[in-house]
Amino acid sequence: LVEITLVKAARAGEEDRAYLEVDGETRRGPVHVVHDLPHLVVESLFDIRDGLWGELAAGRHEATARATTARDTKLRKRGRIVSGAAAGARTDEWLSAGHRRAKTITNAVVNRWGDGLDTPAGVRARLGDGAESLARVDDESIERAIRGVRQLERRWSAVPAGGVLRLRWPLPQQMLDESN
């Protein structure tokens with residue numbers, strides 16, 4: 001169980017911050033809220049324990065965590081990118097198989113580019129050859145993921161500048177049900 005504290009930037013030019021508490025230890029996390037909240041929903045709902053949030057809980061991406069807290073602007077900008085990418089490595093070298101799977105599914109659920117309908121069939125179509133990763137997932141669960149991502153994005157949007165949103169990974173099923 002990971003306790004997550006997201007702090008929205010208070011002023012222009014500041015960045016959102018994330019703190020993760022794992023086993024009683026709190027550390028700054030290299031989280032890009034707009035991208036990583038959908039991962040939180042998808043990984044929780046589809047029980048992906050080795051995705052982004054599993055890696056963060058395990059303390060992976062330490063170089064990125066150091067960059068996010070750096071005073072040097074260039075390092076901080078690199079901190080927005082997962083550590084392997086910042087070093088120029090190929091995706092399959094710095095993302096675990098679970099993280100790549102979670103990323104693919106999350107991108108299909110979120111549909112930032114408006115590619116087709118936001119329905120289970122639309123999600124499966126966006127997955128293309130990767131649709132087998134949801135072969136045993138029913139349409140209601142995919143619909144629940146779509147609603148859950150939207151609900152969590154609305155919750156984050158409602159947090160005032162300087163405000164805090166507290167979550168946990170994996171998200172409790174009750175919270176995922178609130179999006180229904």
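Helices here are DSSP runs of H or I, at least four residues long, numbered from the N terminus. The legends below go with close-ups of a predicted model.

**View 1. Glutamate 55 sits in a helix and has a polar partner.** Helix α2 covers residues 52-57, and glutamate 55 is part of that helix. Is glutamate 55 buried or exposed? With a relative accessible area of 3%, glutamate 55 counts as buried, because the cut-off for buried is under 20%. Its side chain isn't left without a partner: the glutamate 55 side chain makes a polar contact with the side chain of serine 96, at 2.6 Å.

**View 2. Four strands make an open sheet.** Reading across the sheet, the order is β3-β2-β1-β4, and the pairing is antiparallel. Which strands are at the edges? They're β3 (25-28) and β4 (164-169), each of which pairs on one side only. On average, neighbouring strands in this sheet are turned by 20° against each other, direction ignored.

**View 3. β2 and β3 pair up, with glycine 24 in the loop between them.** Strand β2 takes in residues 17-22, and four bridges link β2 to β3 in the antiparallel sense. Look for valine 22, which stands opposite glutamate 25 of β3. The loop between β2 and β3 holds glycine 24. That glycine 24 is exposed, at a relative accessible area of 65%, follows from the cut-off of over 50%. Glycine 24 and glutamate 3 are 21 residues apart in sequence, and their C-alpha atoms are 9.4 Å apart in space.

**View 4. β1 meets β4 at the other end of the strand order.** How many bridges join β1 to β4? There are six, and the two strands run antiparallel. One pair to pick out is leucine 6, which stands opposite leucine 165 in β4.

**View 5. β4 shows two faces.** On the covered face of β4 you'll find Leu165, Leu167 and Trp169. Val164, Arg166 and Arg168 make up the uncovered face.

**View 6. Two helices pack on the sheet.** Back to the whole sheet for a moment: its strands run in the order β3-β2-β1-β4, and neighbours are turned by 20° on average, direction ignored. Helix α1 (residues 33-45) packs on this sheet and touches β1 (2-7) and β4. The direction of helix α1 makes about 35° with that of β4. Helix α9 (residues 139-158) packs on the sheet too, touching β1 and β4. For helix α9, the angle with the direction of β4 is about 150°.

Terms used. Residues are numbered from 1 along each chain as its sequence is written. This is a predicted model: local features need pLDDT of at least 70, side-chain atom pairs count only at pLDDT 80 or more; totals for chains, interfaces and linings use all residues. Side-chain values use heavy atoms; hydrogens and water are left out. Two strands pair if DSSP finds at least two bridges between them. Axes are lines fitted to C-alpha atoms, for helices over the stretch in contact, and angles run from 0 to 180 degrees between N-to-C directions. Contact means heavy atoms within 4.5 Å. Buried means under 20% relative accessible area, exposed over 50%, partly exposed in between (1.4 Å probe, protein chains only). A polar contact is a pair of N or O atoms within 3.5 Å; within protein, one must be able to donate a hydrogen and the other to accept it, and residues adjacent in sequence count only if both atoms are side-chain atoms.
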